[in-house]
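Thanks for making the time this morning. I would like to walk you through one structure, slowly, and I will put it on the screen now so that we can look at it together.

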Amino acid sequence: MKLDLSFSAGQFDDLQLRDKNVVVLDVLRASSTITVALNNGAREIIPVASIESAVKISGSLFGEVTLRGGERNGKTIEGFNLGNSPLEYNEPAVKGKSIIYCTTNGSVAMAKSRYARVLVVGSFLNLTAVVDYMRDENKDFLFICAGRLNSIGSFSLEDAVCAGMMIQKLMKVETLELSLSDSAKAAHALYKSFGRSILKMLRNSEHGKYLMEIGFADDLKICAAVDSVPILPVQIENKIKIKKEDPPVVPVREPVQ
Ligand code: MLT
């Protein structure tokens with residue numbers, strides 16, 4: 001299994017990611033918020049790259065069962081139902097809803113990955129669920145770190161550390177033959193340096209500090225909780241949904257003569 005990693009989504013266009021197995025990480029906060037929303041019963045999340053696309057796609061659907069969620073500068077977009085705090089995506093707000101979702105970096109990275117063979121949404125919340133899936137697939141994977149607010153293309157520590165922690169867990173699986181790109185090795189080294197306290201690392205990250213400044217300190221605690229929401233959000237027909245267990249393969253029996 002080859003593991004590659006990009007420290008931002010900026011360099012990709014969607015056709016480059018065709019047929020790849022991609023894990024998109026936006027720890028603060030898109031990946032974490034999507035994971036919480038699906039766990040609280042949201043039917044599906046539809047990630048889009050711009051506010052214009054969100055408005056266009058929701059169009060006449062906007063209302064009862066379709067919500068718009070997302071942020072600009074970390075705050076709710078005008079005319080949207082929800083911002084980007086995982087706390088907003090509670091059961092009464094999201095159960096049964098389709099959510100058209102637009103954020104500065106996370107949803108852009110997901111929209112760019114729409115032609116990927118596999119698109120998984122990863123965060124600390126569902127870290128082991130993602131690692132178990134990658135282990136079982138035993139295919140090459142590309143981690144895409146979403147990057148930082150208002151500056152798509154720039155590095156964010158928390159996404160790299162999360163990828164590094166996933167890599168660390170995969171390295172412990174004896175049956176896997178791993179080969180790491182230089183960037184994957186760098187993320188692993190960052191996990192070794194900064195992964196001792198995830199919450200402390202988030203509080204010291206640039207985006208974490210910004211979120212605390214604008215009143216979202218509690219979001220950092222939620223986003224730091226490793227394996228607190230053990231589900232696997234994956235893309236199915238351009239929508240992010242919880243991957244259900246594949247049905248067991250029932251052996252075909254020879255008819256009794
Ligand atoms: C993003 O996509 O850039 C983020 O999730 C920003 C945030 O709301 O924290």
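Let me begin with a question: how far from an oxygen atom of the ligand does a polar side-chain atom of asparagine 84 lie? The separation is 2.7 Å, and I should say straight away that this is a predicted model, so please hear every value today as computed from that model.

Two further contacts belong beside that one. A polar side-chain atom of histidine 207 lies 2.7 Å from an oxygen atom of the ligand, and a polar backbone atom of glycine 106 is 2.7 Å from a ligand oxygen atom. Taken alone, the ligand would expose 270 Å², and the protein buries 99% of that. Around the ligand there are 13 residues, of which Arg29, Asn84, Thr103, Gly106 and His207 come nearest; sorted by class, this shell holds 4 nonpolar, 6 polar and 3 charged residues.

Let me stay with Arg29 for a moment, since it has already been named. Arginine 29 is found in the loop between strand 2 and helix 1, which covers residues 30–39, and the peptide bond that leads from leucine 28 to arginine 29 is cis, with omega near 0°. As background, most peptide bonds are trans, and most residues other than glycine have a negative phi. On that second point, aspartate 227, although not a glycine, has a positive phi of about 60°, and aspartate 227 sits in the loop between helix 10 (217–224) and strand 10 (233–236).

Now to the largest pocket, whose volume is about 330 Å³. Of the 13 residues that line this pocket, Tyr133, Asp136, Leu232, Lys243 and Glu245 are the closest to its centre. Which helix gives the most to the lining of the largest pocket? That is helix 5, residues 127–137, which contributes 5 residues. By class, the lining divides into 6 nonpolar and 7 charged residues, with no polar ones.

Finally, the salt bridges, of which the count comes to 8. In one of them, aspartate 14 pairs with arginine 114, with the closest N and O atoms 2.6 Å apart. This pair links distant parts of the chain, 100 residues apart: aspartate 14 lies in the loop between strand 1 (2–6) and strand 2 (21–25), while arginine 114 lies in the loop between helix 4 (106–112) and strand 7 (118–122).

Note on methods: Residues numbered from 1 in each chain as written. Predicted model: local features only at pLDDT ≥ 70, side-chain atom pairs only at ≥ 80, totals over all residues. Heavy atoms only, no water. Near = heavy atom within 4 Å. Polar contact = N/O pair within 3.5 Å; in protein donor to acceptor, adjacent residues only side chain to side chain. Areas by Shrake-Rupley, 256 points an atom, 1.4 Å probe, with all protein chains shown as cover. Nonpolar A, V, L, I, M, F, W, Y, C, P; charged D, E, K, R; others polar. 1 Å grid on protein atoms, 1.4 Å probe; cavity = no way out; pocket = protein on both sides within 12 Å on 5 of 7 lines; lining within 4 Å. Points joined across faces, edges and corners; volume = space filled by probe spheres on them. Helix = DSSP H or I, 4+ residues; strand = E, 2+ residues; numbered from the N terminus. Salt bridge = Lys/Arg side-chain N within 4 Å of Asp/Glu carboxyl O.
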